[in-house]
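I opened the notebook today with a few things to look up, and I set down here what I found. The structure comes first.

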Amino acid sequence: MSRLQQVDSIPEMAIEPKSNLNMASIIPDSIRLPLDAYLRTRSAVDFLSALPGMLQISENPGSKYNSTVMNAMVLYVGMKAIESLHERRQRISIHTIAHTAFMDIFQNLAVQLCTEGRYLLFNAIANQLRYPNAHTHYFSCVFLFLFLNSDHDAIQEQITRILFERLVALRPHPWGLLITFIELIKNPVYNFWKYEFTRCAPEIERLFQNVANTCVTARPADSEASKA
């Protein structure tokens, strides 16, 4: 049994955290209205190809996208996805989140966005890997699903980079960040160590191994002090 399957039994993993923020009010109507329509019907396929351009606000490297809107949209779609799962009386898992309008959004953006946009997208997802709750559970599954089902090594590399940067820089480690990274490196289904970016240079490989060993020996429960 994988670590993610083990934590699935934690009751809090089905409970949505409380928030006073209204994500819908942050997303411009020009994006939110067609987004809502797609999430309801999954029929306007041209919306998927148009969405990356709708999120772009300039051609200047480093400021191509509105990060506030990106963060709000990611959480908004995730909240809608969790609501849909609850309505269907389904538990959050890497299987139940697949092949849905919600995952269409994340998969499409992961493939179509440029490196800068994808970095913002993955950071927005990583921001939700916190203490045990439904958001942490859902977005952990999103990361793992994208890693497992992408045909582009650049996506796996960038997901790893986002997680790795936070594991190196942040202590105590957020609980959700820790369980996601441990699942990625320990569950053979993800074949993490086969990727060239994990061993592109001896010093990089040693750094990966050191962080991996630290994460595996750490107890995720000890990281609950990092609730945010």
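The entries below take up a helix pair, the cysteines and one glutamate, all in a predicted model.

**Helix pair.** I began with helix α8 (residues 134-149) and helix α10 (residues 175-186), whose axes come within 10 Å and cross at roughly 30 degrees. Because angles under 35 degrees count as roughly parallel, I entered α8 as roughly parallel to α10. I also noted the hand of the crossing of α8 and α10, which is right-handed. Going through the contact residue by residue, I listed T136, S140, F143, L144 and F147 on the α8 side, and these meet W175, G176, T180, E183 and L184 of α10. Sorted by character, the residues of this contact comprise five nonpolar, four polar and one charged.

**Cysteines.** I then looked for disulfides, and the count came to zero. For the surroundings of two cysteines I wrote down that C114 is partly exposed, at a relative accessible area of 27%, whereas C141 is buried, at 1%.

**E16.** Where does E16 sit? I found E16 in the loop between α1 (3-7) and α2 (23-26), and I recorded this residue as partly exposed, with a relative accessible area of 32%. Setting aside neighbours within four places in sequence, I found E16 in contact with M79, I82, H86, A134 and H135. As a last entry I took the pair E16 and L167, which lie 151 residues apart along the chain and whose C-alpha atoms are separated by 24 Å.

Key. Residues numbered from 1 in each chain as written. Predicted model: local features only at pLDDT ≥ 70, side-chain atom pairs only at ≥ 80, totals over all residues. Heavy atoms only, no water. Axes fitted to C-alpha atoms, helices over the stretch in contact; angles between N-to-C directions. Helix = DSSP H or I, 4+ residues; strand = E, 2+ residues; numbered from the N terminus. Parallel < 35°, antiparallel > 145°, perpendicular 65-115°, else oblique. Left-handed = near helix turned anticlockwise from the far one by under 90°. Contact = heavy atoms within 4.5 Å. Nonpolar A, V, L, I, M, F, W, Y, C, P; charged D, E, K, R; others polar. Disulfide = S-S within 2.5 Å. Buried < 20%, exposed > 50% of the residue type's maximum accessible area, 1.4 Å probe, protein only.
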